[in-house]
Amino acid sequence: MNSENDFIINRFEFDSELFNDPYSNHYLNDLWPIVYILSDEGVMEAYVGETTDTFARMRSHLKHNKKKKLTAVRFISSKKFNKSATLDIESNLIKYISGDGQYKLLNANAGLANHNYYQKPIYWNLFLNLWDALRSEGISKHSVEYINNSDLFKYSPYKTLTTEQRQGLIMIIKCLLDDNYKNIVIQGGAGTGKTILAIFIFKLLKTNTEDFNFQEFDKDQSEILALVRELKAKYPDPKMALVVPMSSFRKTLKKAFKNVKGLRSGMVVGPTALSKEKYDIVLVDESHRLRRRVNIGAYFKAFSDACEKLGFDPAQDSELDWVLKQSDKSILFYDENQSIKPTDVDQVGFSKLKAAKSTKVESLKSQFRSKGGNNYVEYIGEILNCKIEPNRTIYNSDKYQFLLFDSIVEMEEEIKLRNKEYSLSRLVAGFSWKWISNKSGREQEYDITIGDHKLRWNGVTEDWINSPNSINEVGCIHTTQGYDLNYVGVIFGNEITYDAESNQIKIIKENYFDTNGKNSIYDPEILVSYISNIYKTLMLRGIRGTYVYACNKELRDYLSKHIPNFKKPQRVIELMDQSKVIPFKNCIPLYNLRAAAGNFSDL
């Protein structure tokens, strides 16, 4: 046993001769808890499990229609293992092998454990060492840090659900089993894990019954176990679609589906796909972005054609109507506070749906994305709604960095430093500047001018966050909604200001350049609501922190009362030789030293 790693990895051929080999590893012989990985390098498929009866479990797998075709098995054992530890390591291996993308897993996704137990942090360190060992054997190719930032990991169906998400899952399964319910609406703000739950349910329903090892369910999952059995009996192979209204986010989820066994990229569709065929079950992520025929530009004809095909009136009906007609059961993930333009289906349509007897409504409230938690989310709402109490303490957290900048240059510098440190850190902004650089022959021109500083809008419209030059560009709401970032730098543009006399956020319509976002709006309060939703959505993208810069002085003065101000770290002078004086201009800023060290929190 490696003294540093405290585990053993034994590799064997996975076939009927497996039990003929003499086992010197007593952990495999003596009913000791172990973790194992079945794999096949030819088809690049794998299965992860844990057991206390190695021989019995292997005999069972050798009889399984799919697992018996795998060619190798790795047994992972340790004197430190107990049942809780092996369940935890098994869960982490499933999540990270799936996020790594090299192997497709045969595992179902409903039996992942997430328990607190004695010395759990020690086993996380053991897992990190184990992961490095598996990388050296070719089972995985990426580091844990890399995977944590990848879309394959973030949108993998192999997630351990929170208690709240688990209750939502139980409710959804019960409604799918109950013929009295046709529609399910899951309400939740940005970062409450709606997309994760949508993908989890999709994988659960598209996993073949034979791929479930019901012995892997923990005892406290007995209710889910019984429901899953009943669900698989009713829907052995349902015809399903995951509808994603935004094309950029749809492309990202297609990539995630492509790398999951049993799922296909073609299962993720745009709303117009509903005009072509009916489905047993339709899930809609970001359903607040379903459209009606208002300011839809080039989409006008396709929208009208789909309505005509389905027997709807294009002037009155919406993509929400398409979903309800073309699905036997629909599951809609919805947040009215992320509706950002007149094109979106209005709240009246969803209010009518939620009030129907055939609709079940559930809410997700716990913040899943931001380390700032619900307190940060509530504080952002109070700021943008101008409802900060006079004696309210300014938000401050050692888990979440929330800062206001006086200089756009300094905010861009800090975002780039955070990107070097953690990756996935980007500048985003309200639509307060025309998009010039998307015109042919004008690609090198700048779109955004703030003082003497110039920036460009996003160079691509699909999957911009992961595009090579995104760190040097500025994204808008249309390229970031639905995505996670580690740090986000939000630029409040010239279209938004603050009126101290009335204590209200005001909008300067002529400075707002999203034409489809403002045409046909005649009530100023509605435009205020849309643009406030845009900025709130942008400010909830960050996992670790949010930086803010406001172009408008009145708004900047207002925000400065409620957001901690960024203070540039003082320069550090290290006199390596006391006989020499280092010129001030050659000194290295402290924040650069931190970035170079690779871990801001350790300094």
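Axes here are lines fitted to C-alpha atoms, for helices over the stretch in contact, with angles running from 0 to 180 degrees between N-to-C directions. Helices (H or I, at least four residues) and strands (E, at least two) are DSSP runs, numbered from the N terminus. This is a predicted model, in which local features need pLDDT of at least 70 and side-chain atom pairs pLDDT 80 or more, while totals for chains, interfaces and linings use all residues. Residues are numbered from 1 along each chain as its sequence is written, and side-chain values use heavy atoms, leaving out hydrogens and water.

**View 1. Helix 11 meets helix 12.** The axes of helix 11 (residues 300–310) and helix 12 (residues 319–326) come within 11 Å and cross at roughly 35°. Helix 11 brings Phe303, Ala306, Cys307 and Leu310 to the contact (heavy atoms within 4.5 Å), and helix 12 brings Glu319, Trp322, Lys325 and Gln326.

**View 2. Ser304 sits in helix 11.** At 14% relative accessibility, Ser304 counts as buried (under 20% relative accessible area, 1.4 Å probe, protein chains only). Leaving aside neighbours within four places in sequence, Ser304 is in contact with Arg293 and Pro314.

**View 3. Helix 7 and its buried residues.** For the 15 residues of helix 7 (residues 163–177), 1.5 Å a residue gives an expected span of 21 Å (1.5 Å times one less than the number of residues), and the end C-alpha atoms are 21 Å apart, which agrees. Its buried residues include Gln165, Gly168, Leu169 and Ile170. The elements that they pack against include strand 6 (183–188), helix 8 (194–206) and strand 11 (359–364).

Notes
Buried < 20%, exposed > 50% of the residue type's maximum accessible area, 1.4 Å probe, protein only.
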